[in-house]
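Visitor: I should like a close look at a single part of this protein, followed by an account of what lies around it. Please take the structure below as the starting point.

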Amino acid sequence: MRQVRVLVWGEFVQERTEEAVARVYPRGIHEAIAEHLRKQPDMVVRTATLDEPEHGLSESVLKDTDVLIWWGHVAHDKVSDHVVERVCRRVLEGMGLIVLHSAHYSKPFRRLMGTSCSLKWREAGERERIWVVAPWHPIAEGLPEHFELEHEEMYGEYFDIPPPDELVFISWFEGGEVFRSGCCFYRGRGRIFYFRPGHETYPTYYNPYVRKVIENAVRWAAAPRGPEPRYGMVEPLEKLGKR
Ligand code: ZN
C-alpha cells in the first residue's frame, strides 16, 4: 500500500497560554488532528510547531512530505518569509496543502491565493450546518448530505478568495450567514484544500465528520501527479518537412 506522508503543522500558542483552549486541546490542536490520521493504515503522520527550528519545516522535512496540514491563528506574522517561500515552492512542485479555519490568513495561503482572504466573523458559539454541494467529490466520501456542529465561530461571505476550482461544502450559520467552507484549488502541480471549521475553543477536531473530511482531503491532496512536465524548447517528435 502506498503510504501518504502527512505533516500536521500547528502554531501551538493559544493551547499553552489560554485556559479555555488548553482545556479542549491539552496536547495542541495539531495533535488532535494527527490522532485520527495516525489510525489510517495508508498514512504516516508527523507534527511540527512554530517554536521548532525553521518552524519544523526544513527543506529536508518538506521534501519528505506529501501533504502539509496548517492550523494557525495569532502568530501568522511570526512565520518566517523564508520558510513561507519554501512551503509555497513545494506546493507548486506537487505537495498537497490543507489549510484549516483561521489559517485563511496564514502567509502561505494568502500568497498562493493572491488575494486578501478576508471574511466576516463572529464568536457567539452558533450552530453551523455544513452542506455537501459536490457529493461526487472524493473529499465528500462517506459523509451525509449535511452535518452539524453545535457550537462554532461564524465565518461569513464575502470570502475574498479566487473562485475555487471545486467547491465541496457550504456552511450555514444560526445567525443567517453562509460561507464557502470547503474549497479546492489546483496551483502548479499542487492541490490545496481550505476547510473552514476549527475554532480553538470548540471540540471541532474531535467531531467524526470533521475528522473524516480531513482524512479524505489528505488522500485527495496526495493523489498521483502523473508524468513530470517538461518546459522550454524541444526537438520535434516527427521529422519536419523542408520549409
Ligand atoms: Zn476561530
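How many residues does the largest nonpolar core have, and which of them have the most contacts inside it?

Guide: The model is a predicted one. Its largest nonpolar core has 38 residues, and those with the most contacts inside this core are Leu37, Ile69, Phe169, Phe193 and Tyr205. The element that gives the most to this core is helix α7, spanning residues 208–221, with seven residues. There is also a second, separate core, made up of 35 residues; Trp9, Ala48, Leu57 and Ile161 are among them. As a general tendency, nonpolar side chains in soluble globular proteins are buried together.

Two of the residues named for the largest core, Leu37 and Tyr205, also appear in the lining of the largest cavity. The search of the whole structure finds two cavities of 30 Å³ or more, and the largest has a volume of about 40 Å³. Its lining consists of Ile33, His36, Leu37, Tyr205, Arg211 and Ile214. Two elements, α3 (29–37) and α7, each give two or more residues to this lining, and α3 provides the largest share, three residues.

From the cavity one may turn to the loop between β9 and α7, where Thr204 has its place. Thr204 has a relative accessible area of 4%, under the 20% limit, and therefore counts as buried. Its side chain is joined to that of Glu152 by a polar contact of 2.6 Å. Beyond four places in sequence, the residues in contact with Thr204 are Tyr25, Leu149, Glu152, Pro197, Gly198 and Val210. Thr204 also lies 9.3 Å from Glu150, C-alpha to C-alpha, although the two are 54 residues apart in sequence.

The loop that holds Thr204 also holds His199, a donor to the zinc ion. The zinc ion is coordinated by NE2 of His101, OE of Glu153 and ND1 of His199, at 2.0 to 2.1 Å. Along the chain these donors follow the spacing H-x51-E-x45-H. Glu153 belongs to strand β6 (residues 146–156), whereas His199 is in the loop between β9 (190–195) and α7, so this pair ties together parts that are 46 residues apart in sequence. Glu153 and His199 are both buried.

A further buried residue is Glu128, in strand β5 (residues 120–132). Glu128 counts as buried because its relative accessibility is 0%. The side chain of Glu128 makes a polar contact of 2.5 Å with the side chain of Ser171. Apart from neighbours within four places in sequence, Glu128 is in contact with Phe147, Glu148, Leu149, Glu152, Ser171, Trp172, Phe173, Arg196 and Pro197. Leu149, Glu152 and Pro197 are listed for Glu128 and again among the contacts of Thr204.

Strands β5 and β6 also bear on the largest pocket, since each supplies at least two residues of its lining. The volume of the largest pocket is about 180 Å³. Fourteen residues line this pocket; His73, Ser102, His104, Trp121 and Tyr155 are those that lie nearest its centre.

Terms used: Residues are numbered from 1 along each chain as its sequence is written. This is a predicted model: local features need pLDDT of at least 70, side-chain atom pairs count only at pLDDT 80 or more; totals for chains, interfaces and linings use all residues. Side-chain values use heavy atoms; hydrogens and water are left out. A nonpolar core is a set of buried Ala, Val, Leu, Ile, Met, Phe, Trp, Tyr and Cys residues joined through side-chain atoms within 4.5 Å. Buried means under 20% relative accessible area, exposed over 50%, partly exposed in between (1.4 Å probe, protein chains only). Helices (H or I, at least four residues) and strands (E, at least two) are DSSP runs, numbered from the N terminus. A polar contact is a pair of N or O atoms within 3.5 Å; within protein, one must be able to donate a hydrogen and the other to accept it, and residues adjacent in sequence count only if both atoms are side-chain atoms. Contact means heavy atoms within 4.5 Å. Donors are N, O and S atoms within 2.8 Å of the metal (3.2 Å for Na, K and Ca); water is not among the atoms, so sites may look incomplete. On a 1 Å grid over the protein atoms alone, a cavity is a set of points where a 1.4 Å probe fits but cannot get out, and a pocket is an open set with protein on both sides within 12 Å along at least five of seven lines; lining residues have an atom within 4 Å of a point. Grid points are joined across faces, edges and corners, and a volume is the space filled by probe spheres set on the points.
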